[in-house]
Amino acid sequence: MTTPLERFYAVIPAGGIGSRLWPLSRADAPKFLHDLTGSGSTLLRATWDRLAPIAGDQRIMVVTGRAHRAAVEQQLPDLADANVVLESEPRDSTAAIGLAAAILVRREPDVIVGSFAADHVIRGDRLFRAAVAQAVTAAEERYIVTIGIQPTEPAIGFGYIKSARDLGIRGAEGVLLVDSFVEKPDLATAKRYVSSGEHLWNAGMFISRADVLLEEIGRQKPELLAGLLELAEVWDDAAARGPVVDRVWPALEKIAIDYSVAEPAAAAGRMAVVPAHFDWDDVGDFASLAKLNSGGRKSDLAILGENARVLSDASSGIVVSQTGRVISLIGVQDIVVVDTPDALLVTTSANAQRVKSVVDALKLSGRDDVL
């Protein structure tokens with residue numbers, strides 16, 4: 001049995017619609033509410049099950065949209081009511097994670113928080129727990145810590161972390177100073193990153209003392225921090241919370257925590273990274289989903305859907321079916337077919353990242369009924 005880490009509180013930001021997985025992922029049924037691996041658990045439930053032994057099920061906070069509250073609580077029956085933080089509208093990850101930290105530091109001044117996305121796939125729970133434990137130890141030294149994944153290939157769909165020297169932290173041996181964060185590279189650059197041995201995949205996990213995280217937000221975005229602190233001050237008073245949320249939340253700046261915290265903290269020498277070896281994927285598009293469900297074998301056809309009826313001959317890629325309609329594939333390679341009751345997507349693995357542009361076009365055309 002795993003003993004929860006002292007002072008540690010896990011935060012699960014459960015937002016975004018996963019537009020590159022449209023039409024499977026929708027505004028009312030986003031990526032984290034789907035079982036994308038055939039495990040029988042949604043990505044959100046799998047995230048909870050991974051974190052509960054480390055934090056304890058009463059020390060996990062979920063930040064999600066008001067529209068998803070019922071689904072989240074149905075999937076996570078042990079989630080404490082006080083640990084459900086509802087966003088009236090999306091304001092990006094700094095607001096979501098920063099508000100959680102601001103609420104928790106008022107409840108527990110020396111708390112260490114860890115943020116873990118609700119819609120990633122991780123395999124290797126023992127290695128994951130070991131990495132989080134190292135990160136918590138480094139966070140006690142007032143570093144903001146991320147967990148970087150050892151690259152297994154020159155992936156162009158992920159951001160990278162360039163590491164520097166070993167910090168020599170007792171109990172967190174091997175934790176490195178972060179030199180910089182770099183955006184998704186082209187293939188030649190990705191190959192150079194992997195061969196250098198100095199770069200890790202950026203998995204978007206952040207572990208820090210809550211007060212240190214808020215200090216960093218305040219350095220870069222003082223107005224945003226002021227709004228978060230004002231919200232946190234009334235959050236546990238149900239009667240006072242509503243009017244303040246309605247006034248303050250919509251005015252908060254929309255900015256990803258990578259830009260408000262991670263990059264400036266790295267530049268100032270306040271960011272550390274734990275090199276980790278567990279399997280990780282952000283399931284960013286149907287190409288990665290196909291790879292996850294075919295064991296990495298490009299010659300295979302992955303099929304998702306309880307009632308999927310698929311006939312294939314000399315074909316590979318992925319079929320996601322929600323209709324029970326017969327889908328026949330003959331001699332097509334790396335194909336993506338997503339069949340839902342009101343929308344059909346057909347593309348290839350090579351073009352999977354371009355699905356987001358279809359979503360953008362549907363928004364512009366006013367076709368919100370299928371989003």
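Let's start with an open sheet of four strands, which follow one another in the order E12-E14-E16-E17 with mixed pairing. At its edges lie strand E12 (301-304) and strand E17 (344-348), each of which pairs on one side only. From one strand to the next, the twist averages 10°. Keep in mind as you look around that this is a predicted model.

One end of the sheet's order is worth following residue by residue. Strand E16 (residues 335-339) pairs with E17 in the antiparallel sense, over five bridges, and the two strands form a hairpin with four residues between them. You can trace the pairing in the structure: Ile335 has Thr348 of E17 as its bridge partner, and Val336 stands opposite Thr347 in E17.

Now look at where the side chains of E17 go. In a regular strand, side chains alternate between the two faces of the sheet. E17 shows this alternation: Leu345 and Thr347 point to one face and are buried, whereas Leu344, Val346 and Thr348 point to the other face and are not buried. Thr347, the residue opposite Val336, is therefore one of the buried pair, while Thr348, the bridge partner of Ile335, points to the other face. The sheet also has a helix across it: helix H10 (residues 286-293) lies across E12, strand E14 (317-321), E16 and E17, and runs at about 95° to E14.

From the sheet, let's move to the nonpolar cores. The largest one has 53 residues, and Phe8, Ile147, Ile207 and Phe278 are those with the most contacts inside it. Helix H4 (residues 125-139) gives the most to this core, contributing seven residues. A second, separate core has 49 residues, including Leu99, Leu214, Val244 and Ala265.

Ile207 is a good place to zoom in on the largest core. Leaving out residues up to four places away in sequence, Ile207 touches Phe8, Ile112, Val113, Gly114, Phe116, Ala135, Val136, Ala139, Tyr143, Ile144, Val145 and Ile147.

Tyr143, Ile144 and Val145 turn up again when you select Ala272, which has its place in strand E10 (residues 271-276). Apart from neighbours within four places in sequence, Ala272 is in contact with Tyr143, Ile144, Val145, Thr146, Leu167, Val175, Leu176, Leu177 and Val178. One of these partners, Val175, is 97 residues away along the chain, yet its C-alpha atom is 6.7 Å from that of Ala272. Ala272 counts as buried because its relative accessibility is 0%, and the cut-off for buried is under 20%.

His68 makes another stop, this time in the loop between strand E2 (60-65) and helix H2 (69-75). With a relative accessible area of 11%, His68 is buried too. Beyond its neighbours within four places in sequence, His68 is in contact with Ala27, Asp28, Pro30 and Phe32.

Finally, consider a pair of helices. Two packed helices are described by the angle between their axes and the distance between the axes. Helix H6 (residues 210-220) and helix H7 (residues 222-235) pack at about 135°, and their axes are 5 Å apart; H6 and H7 are therefore oblique to each other. On the H6 side the contact is made by Leu214, Ile217, Gly218, Arg219 and Gln220, and on the H7 side by Pro222, Leu224, Leu225 and Leu228. By class, this contact has six nonpolar, two polar and one charged residues. Leu214 may look familiar, since it was named above in the second core.

Note on methods
Residues numbered from 1 in each chain as written. Predicted model: local features only at pLDDT ≥ 70, side-chain atom pairs only at ≥ 80, totals over all residues. Heavy atoms only, no water. Pairing = 2+ DSSP bridges. Axes fitted to C-alpha atoms, helices over the stretch in contact; angles between N-to-C directions. Contact = heavy atoms within 4.5 Å. Core = buried A, V, L, I, M, F, W, Y, C linked by side-chain atoms within 4.5 Å. Buried < 20%, exposed > 50% of the residue type's maximum accessible area, 1.4 Å probe, protein only. Parallel < 35°, antiparallel > 145°, perpendicular 65-115°, else oblique. Nonpolar A, V, L, I, M, F, W, Y, C, P; charged D, E, K, R; others polar.
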